[in-house]
Amino acid sequence: MNAVVGSHDLLLVTLDTLRFDVAEELAAAGRIPNLVRHLPGGVWEKRHAPGSFTYASHHAIFAGFLPTPAAPGPHPRLFAARFAGSESTAERTFVHDTPDILSGLAGVGYRTVCVGGVGFFNRRPPLGSVLPGMFQESHWEPGFGVASPTSFEDQVACAERVVAELPQDQKLFLFVNVSALHQPNWFHMPGADAGAGDSRATHAAALEYVDRHIGRLFTAASSRRRCFAIVCSDHGTAYGDDGYTGHRLGHEAVWTVPYAHFFLDPGATR
């Protein structure tokens, strides 16, 4: 990351609430081709979330604690605040002297931009201002939220405007919190209605919806120079698994998440 930071634009996408098993199944079945074409080896990496719900997980992610590989470690991290005794800070880790990635990257010349999704990014109550307040620039509107059937399309359009308005020489760290997977998501399945509610199947339909539009985001993020992208879930969610529903709980469906990082070359996603 020491060679990447300063020479590349950076993109972090959290597919909020996405379960690993659903992501894995859809990738294997060819149902998310636009994501799969960028996944190393065409598969998601299985990792453990740093938190069981959005607020906790993103605090950890922004401090450099991305989802951890689901295998014995220690596992070197991409980013880390300088911290004595850290076993996951390695020679190739980008180390900064600030408490979070965002201020660390801003300190070396990056413009940090948040395109929010779920309520913890909506800036309405004080709690909804904590995470977006860590960025130099943040965007949220009701159309980006969990109740909108076109949330991701609207988020991508915002990201495209952000990139288009930046000076060519300005390095960018772009963060997008994708709300479409989060409940309610029944409206992403053709023929479904609110009475039937959300299910593992509607969760999968929401991921297919995201896949149809994510190529535009990748194109925008890599339109000015090579881009290093991280795409992952912040936590999963339960749909009746062992009697559990939702997240902020200690179930395998919540703690196990998909992860990938890869490079995007200019023009490669068009």
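In this predicted model, K46 stands opposite P258, a residue of strand β12. That facing pair is a handy way into the sheet, since the strand β2 covers residues 45-48 and is joined to β12 by 4 bridges, with the two running antiparallel. β2 also has a partner in β3, again in the antiparallel sense, this time over 2 bridges. Here H48 is the residue to look for, as H48 stands opposite T68 in β3.

Stepping back, these strands belong to an open sheet of 8 strands with mixed pairing. Read across, the order is β3-β2-β12-β9-β1-β8-β6-β7. The edges are taken by β3 and by β7 (137-139), each of which pairs on one side only. Over at the β7 end, β6 (residues 111-115) and β7 run parallel and are joined by 3 bridges. In this pairing V115 stands opposite H139 of β7. As a general point, strands of a sheet pair through backbone hydrogen bonds, and they may do so parallel or antiparallel.

Next come the pockets. The largest pocket holds about 260 Å³ of space. Its lining is made up of 14 residues, and R47, P69, H75, P76 and R77 are the ones that lie nearest the centre. Two strands already met in the sheet turn up again here: β3 (68-69) and β12 (256-264) each supply at least two residues of the lining. Sorted by class, the lining of this pocket comes to 7 nonpolar, 5 polar and 2 charged residues.

Aromatic rings are worth a look too. The count comes to 10 aromatic pairs. One of them brings together F228 and F263, whose ring centres are 5.2 Å apart and whose planes sit at 65°, so this pair is edge-to-face. The two residues come from distant parts of the chain, 35 residues apart, with F228 in strand β9 (residues 227-232) and F263 in strand β12. Their surroundings can be told apart by accessibility: F228 counts as buried at 4% relative accessibility, whereas F263, with a relative accessible area of 36%, is partly exposed. Elsewhere, ring pairs link F62, F121, F135 and F175 into a cluster.

What about the cysteines? A search of the whole structure finds 0 disulfides. For C114, the closest cysteine sulfur belongs to C158 and is 9.3 Å away, which is too far for a bond because a disulfide needs the two sulfur atoms within 2.5 Å. C227 is in no disulfide either, the nearest cysteine sulfur being that of C232, 14 Å away. C114 is buried, with a relative accessible area of 0%, and C227 is buried as well, at 1%.

The backbone has a few quirks of its own. A cis peptide bond joins G73 and P74, with omega at about 10°. P74 lies in the loop between β3 and β4 (79-81). Another cis peptide bond joins Q183 and P184, and its omega is about 0°. P184 has its place in the loop between β8 (172-178) and α6 (200-221).

Positive phi values show up in loops as well. T17 is not a glycine, yet its phi is positive at about 80°. T17 is placed in the loop between β1 (9-15) and α1 (20-28), and at 0% relative accessibility T17 counts as buried. R248 is another residue other than glycine with a positive phi, near 60°. R248 is found in the loop between β11 (244-246) and α7 (252-255). In contrast to the buried T17, R248 counts as exposed, at 60% relative accessibility.

Notes:
Residues are numbered from 1 along each chain as its sequence is written. This is a predicted model: local features need pLDDT of at least 70, side-chain atom pairs count only at pLDDT 80 or more; totals for chains, interfaces and linings use all residues. Side-chain values use heavy atoms; hydrogens and water are left out. On a 1 Å grid over the protein atoms alone, a cavity is a set of points where a 1.4 Å probe fits but cannot get out, and a pocket is an open set with protein on both sides within 12 Å along at least five of seven lines; lining residues have an atom within 4 Å of a point. Grid points are joined across faces, edges and corners, and a volume is the space filled by probe spheres set on the points. Ala, Val, Leu, Ile, Met, Phe, Trp, Tyr, Cys and Pro count as nonpolar, Asp, Glu, Lys and Arg as charged, and the others, Gly among them, as polar. Buried means under 20% relative accessible area, exposed over 50%, partly exposed in between (1.4 Å probe, protein chains only). Two strands pair if DSSP finds at least two bridges between them. Rings of Phe, Tyr and Trp (its six-membered ring) pair if their centres lie within 6.5 Å; planes under 30 degrees apart count as stacked, over 60 as edge-to-face and the rest as tilted.
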